[in-house]
Amino acid sequence: MKLLHDKIMQEGKVLSSSVLKVDSFLNHQIDPMLMKEIGHEFANRFSDQVITKILTIESSGIAPSVMLGLEIGAPVVFARKRKSLTLSDNLYSSKVHSFTKNETNDISVSRNFLNEDDNILIIDDFLANGEAVKGLLDIAAQAGANVVGVGIVIEKGFQDGGKLLREQGVRVESLAIVDSLEDGKVTFAAEARA
């Protein structure tokens, strides 16, 4: 997705050989026009699927998920990382380790919002080691729902998450695949440049 690649090149900051900071348009401040285009691109890539729910994790997966939801007319459900007084029982839960924050969180979704009749598309901002997606896949499995695929805004192709998910037969569509962050420079995978 050229627009996303251009935005990463213009505003992304390489903090190390494994960390790309995109808080000016995705993780802290959100560029609504870019999110709209991201939602449209995910809708095109998964147009061959019937999607009844979009599942993501708070907080950076919410913006692209909502834009996709607007595009296809499907509700967005996000897994919470924090305990809530209003979300205390009747939950699907899983443990997720964050690469960026180096911490493990329990994520939860109310059983009221996912069930065996759902065709779920999982959306997330980054894919590194695949921990967040694995947690969301676990929650979908607990609900007995069908996962039609995973949409990722930025995949770190130099980490194993995407490879492992694809080897398990999960359809993963990444809008930008970063091959390297070496020498402070973003290098995209050839197949993701279109």
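**View A. Burial of strand E7 (119–127).** Nine of the nine residues of E7 are buried (under 20% relative accessible area with a 1.4 Å probe, protein chains only), so the strand is largely enclosed by the rest of the structure. Strands (E, at least two residues) and helices (H or I, at least four) are DSSP runs, numbered from the N terminus. The model is predicted: local features need pLDDT of at least 70 and side-chain atom pairs pLDDT 80 or more, while totals for chains, interfaces and linings use all residues. Residues are numbered from 1 along each chain as its sequence is written, and side-chain values use heavy atoms, without hydrogens and water.

**View B. The open sheet around E7.** Six strands follow the order E4-E3-E7-E8-E9-E10, with mixed pairing; two strands pair if DSSP finds at least two bridges between them. At the edges, E4 (76–79) and E10 (187–188) each pair on one side only.

**View C. Parallel partners of E7.** E7 pairs with E3 in the parallel sense over three bridges, and Leu55 has Ile122 as its bridge partner in E7. With E8, E7 forms a parallel pairing over eight bridges, in which Ile123 stands opposite Gly151 of E8.

**View D. Helix H5 (residues 131–143) across the sheet.** H5 lies across E3, E4, E7 and E8, and runs at about 165° to E7 (axes are lines fitted to C-alpha atoms, for helices over the stretch in contact, meaning heavy atoms within 4.5 Å; angles run from 0 to 180 degrees between N-to-C directions). E7, H5 and E8 together make a right-handed β-α-β unit: with the strands pointing away from the viewer, the path from the first strand over the helix to the second runs clockwise.

Terms used: Buried < 20%, exposed > 50% of the residue type's maximum accessible area, 1.4 Å probe, protein only.
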